[in-house]
Amino acid sequence: MPENTIPKEAAYQIINDELMLDGNPRLNLASFVTTWMEPECDKLMMAAINKNYVDMDEYPVTTELQNRCVNMIAHLFNAPLGESEAAVGVGTVGSSEAIMLAGLAFKRRWQNKRKAEGKPYDKPNIVTGANVQVCWEKFARYFEVELKEVNLREGYYVMDPEKAVELVDENTICVAAILGSTLNGEFEDVKLLNDLLIKKNSETGWDVPIHVDAASGGFIAPFLYPELEWDFRLPLVKSINVSGHKYGLVYAGIGWVIWRSKEDLPEELIFHINYLGTEQPTFTLNFSKGSSQVIAQYYQLIRLGFEGYKNVMENCQENAMVLKEGLERTGRFTIVSKDNGIPLVAFSLKDHSRHDEFELSHHLRQFGWIVPAYTMPADAQHITVLRVVIREDFSRGLAERLVLDIEKVLRELDALPPNGKSMKRSADVANCHAALANGHVAKKLETDKKTNAIC
């Protein structure tokens, strides 16, 4: 901390000058998070920036807006609500907090049932795919729940429902399905998972439920794929989380978790406090938080309505197809993502003999583009992909511009001497395939640290 004060103009200029070196959020194609909102919504957010949302007695209208958002999202997810019945849910800082809350509810319900039956309740587990976001690993580690992951395989980069159900046992608190994998945007088959789990529950006498992590897909599926059954229409789906700051079209800092019914949220997890002016219930991991994002979510829901969200999502999907077709025309890439799912394009180089995806990602930064490159989880670590997320502010013109810049980078890389690491990586991947084909014991290959290909 400086010893002396400085003029406010100087402080502003110092920070403003440094921030100029940050990247352009609209060119950050790694992020699912919203980077643009209408000026009218910006004004509402700034007007509420000094409101602490947790003080419900002082800001009752903000609380009411949150409750309206919960109800609208619950109906969007086909929650079985009566005509005047209020939905059960809460706004969170993001899907990470929402998942923690949902996981705690499942853990407590499982423990209560096991206690009532006089059975051990000290070894809970949760079944997911290896493609889950890191927040699921955090939940498992922070709250002492074993994480049982279904490994992926080349060409199939989401959780296999059949393999997931095979991992289920009497200690499983829930199976978590992802509606929109971070890796390639694909929706997992929640309907098949529900049907297989009903069968296993009936055979075993267990009562294993489903949580749907719809962080990215919750604001996609209802508008682009209304007939797809993934939500509360399926009886074993007990809770759903969604990120308002992704395709909910709000700046970073808002998520939602919705429960099927009051019975699915144990009462002992809800705290009742009265030291802020009146008695109020609270079920969140943190206490204080800003009101701006809640207000912004309400603005988007009433401003756009079903029609507006549908138009935005259709436009995102069309721009994703423009980018996909442009990449295919180069003849240099294999498309890893699916046409049906999150509006994104995941792709890999067909030829790694000279250069790899990490080099392409690095060189695209000279044009301002932030395009992530990463390896797939087990057992598909030898696959490396690049991913472009199509958000509301990513236009057709930008999609066409990105393809042109990718072609420029490829020409530049082709003119360079072959990268020794890339050549070694290609050899290692070939050896990996051969080892797998021969049934050899898995081993870690000595590859470039970035790719970390594992066989």
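**Group meeting: two cysteines, one pocket**

Let's start with Cys69. Cys69 is buried, because its relative accessible area is 0%, and the cut-off for buried is under 20%. Cys135 comes out at 3%, so Cys135 is buried too. Keep in mind that this is a predicted model.

Now, disulfides. How many does the count give? Zero. The rule asks for a pair of cysteine sulfur atoms within 2.5 Å.

Next, the whole chain. We have 455 residues, and 52% of them count as buried. The secondary structure runs to 12 helices and 13 strands. On contacts, take those between residues at least 6 apart in sequence. Of these, 70% join residues at least 24 apart. The exposed area of the chain is about 21,600 Å². Carbon and sulfur atoms account for 53% of that area.

On to the largest pocket. Its space is about 660 Å³. The lining has 27 residues. Which of them sit closest to the centre? Those are Asn67, Gly89, Val90, Ile270 and Pro281.

Which elements give two or more residues to this lining? Three names here: α3 (60-76), β1 (88-92) and β9 (280-282). The helix α3 gives the most, with five residues.

Last point, the chemistry of the lining. Nonpolar residues number 14 and polar residues 10. Charged residues come to three.

To recap. Cys69 is buried at 0%, and Cys135 is buried at 3%. The disulfide count is zero. The largest pocket holds about 660 Å³ of space, and α3 is the top contributor to its lining.

Note on methods: Residues numbered from 1 in each chain as written. Predicted model: local features only at pLDDT ≥ 70, side-chain atom pairs only at ≥ 80, totals over all residues. Heavy atoms only, no water. Buried < 20%, exposed > 50% of the residue type's maximum accessible area, 1.4 Å probe, protein only. 1 Å grid on protein atoms, 1.4 Å probe; cavity = no way out; pocket = protein on both sides within 12 Å on 5 of 7 lines; lining within 4 Å. Points joined across faces, edges and corners; volume = space filled by probe spheres on them. Helix = DSSP H or I, 4+ residues; strand = E, 2+ residues; numbered from the N terminus. Nonpolar A, V, L, I, M, F, W, Y, C, P; charged D, E, K, R; others polar. Contact = heavy atoms within 4.5 Å. Areas by Shrake-Rupley, 256 points an atom, 1.4 Å probe, with all protein chains shown as cover.
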